[in-house]
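Colleague: I should be grateful for a close look at a single part of this model, set out for a first-year student.

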Amino acid sequence: MDSRPSPSPSRNPYVIAVVNQKGGVGKTTTAVNLAACLAASERPTLLIDVDPQANASSAYGITNAERQVYDALIDEVPLTHCAFETELETLHVVPAGRDLVGAEIELVSLESREYRLSQSIQAIGEAYEIILIDCPPSLGLLTLNALTAADAVLIPLQCEYYALEGLANLVETVDLVNAELNPRLAIQGIVLTMADQRNNLARQVEAEVRGHFGDKVYRTRIPRNVRLSEAPSHGQPILLYDIHSKGAVAYVKLADELLAQLALTTLPRKPPVLPNPQSTADEANDEAGATVKLPETTTIDHITTDRSVTHSEE
Ligand SMILES: Nc1ncnc2c1ncn2[C@@H]1O[C@H](COP(=O)(O)OP(=O)(O)OP(=O)(O)O)[C@@H](O)[C@H]1O
Ligand SMILES: [Mg+2]
């Protein structure tokens, strides 16, 4: 069991890598929707997509962006120059794209290859309170860059037969990175995704995970919810796509748990302002719905209302 204390946001921004080397366990769904819920709680948030699949980017309607995380990693373009505004005023997204496939190889010959993302994040100062990084399903150099940049990892876990084995490997990796490359790195928490309480095996796996990791496992489970899988094709997080869905309620509760864990009790700061909003990229994404307006459905009142809804599985 990880005996280190839960990290707290001793510095801004607080960086969380959403990691699991196993594919399709809900990393992107969690990164995309948690980022939206944190932003809707008026926390200036940046979502960085370091997965060449670019699913977190397209989930916000951003495709074929002119500047991407590749440019920050390889050409040292400031991260804020690669960031997009979204429908949520307090959320920006640094997208990934096809270029990133080659980055894994290009990084090998570059100086400080494991720390390129960390350096980019340090250079942007305190514009954001929380940065979430969506990682690919592998433990290569892109994920390693996320782990050296992060204060903590958030692990989405699907309660299946091989889940525990994969989790053990991941915890080993986190320990190794902590010992060799980034002494700050700790486990922020484990979130159970696509949870189905009617499934015996899932219940057994959950009991084992909770027995082993204790309060590192969030009380909130993310249920299997078809609205969560539909939202990305509309270029929207679940909060904007269907705020009353079980998926939205669950991610709002998860964000609440995370904010309580981080003890972010001070008043949120003003939304970050991009130095040069991505005009070309914005034009390219107009049709996809990337705008700077905060729609009414994202006001904090809605969130507060929904926080009172009791979470239940489908
Ligand atoms: N709670 C959920 N309910 C229903 N469908 C979900 C849920 N979470 C994720 N999905 C769907 O499952 C698939 C995999 O989810 P997601 O892309 O978030 O996983 P991932 O871990 O990021 O995958 P990869 O390893 O390929 O990056 C997607 O089609 C997604 O829409
Ligand atoms: Mg993904």
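Which residues around ligand 1 come nearest?

Modeller: This is a predicted model. Of the 19 residues around ligand 1, those that come nearest are Lys27, Thr28, Thr29, Pro137 and Ser229. Three elements each give two or more residues to the shell, namely helix 1 (27-40), strand 7 and helix 9 (226-230). Helix 1 supplies the largest share, three residues. By character, the shell divides into eleven polar, five nonpolar and three charged residues.

Strand 7 leads from the ligand to the sheet. The sheet is open and has eight strands, in the order 3-4-2-5-1-6-7-8, with mixed pairing. Its edges are strand 3 (84-85) and strand 8 (217-223); each has a single partner strand, so one side of each is left without a neighbour in the sheet. Helix 8 (residues 200-213) packs on the sheet, where it touches strand 6, strand 7 (186-195) and strand 8, and its direction makes about 170° with that of strand 7. Helix 11 (residues 246-262) lies across strand 1, strand 7 and strand 8, and runs at about 165° to strand 8. Strand 1 (residues 14-18) pairs with strand 6 (residues 152-158) in the parallel sense over three bridges, and Val18 stands opposite Leu154 in strand 6.

A word on confidence is also due. The chain has a mean pLDDT of 85, with 82% of its residues at 70 or more. The pLDDT is below 50, however, over residues 1-10, and it stays under 50 over residues 279-314. Where pLDDT is low, the predicted coordinates should not be read in detail.

Technical notes. Residues are numbered from 1 along each chain as its sequence is written. Chains are lettered from A and ligands numbered from 1 in the order in which they are written. This is a predicted model: local features need pLDDT of at least 70, side-chain atom pairs count only at pLDDT 80 or more; totals for chains, interfaces and linings use all residues. pLDDT is the predictor's confidence in each residue, from 0 to 100. Two residues are in contact if their C-beta atoms, placed from the backbone, lie within 7 Å. Two strands pair if DSSP finds at least two bridges between them. Helices (H or I, at least four residues) and strands (E, at least two) are DSSP runs, numbered from the N terminus. Axes are lines fitted to C-alpha atoms, for helices over the stretch in contact, and angles run from 0 to 180 degrees between N-to-C directions. A residue is near a molecule or strand if its C-beta atom, placed from the backbone, lies within 6 Å of it. Ala, Val, Leu, Ile, Met, Phe, Trp, Tyr, Cys and Pro count as nonpolar, Asp, Glu, Lys and Arg as charged, and the others, Gly among them, as polar.
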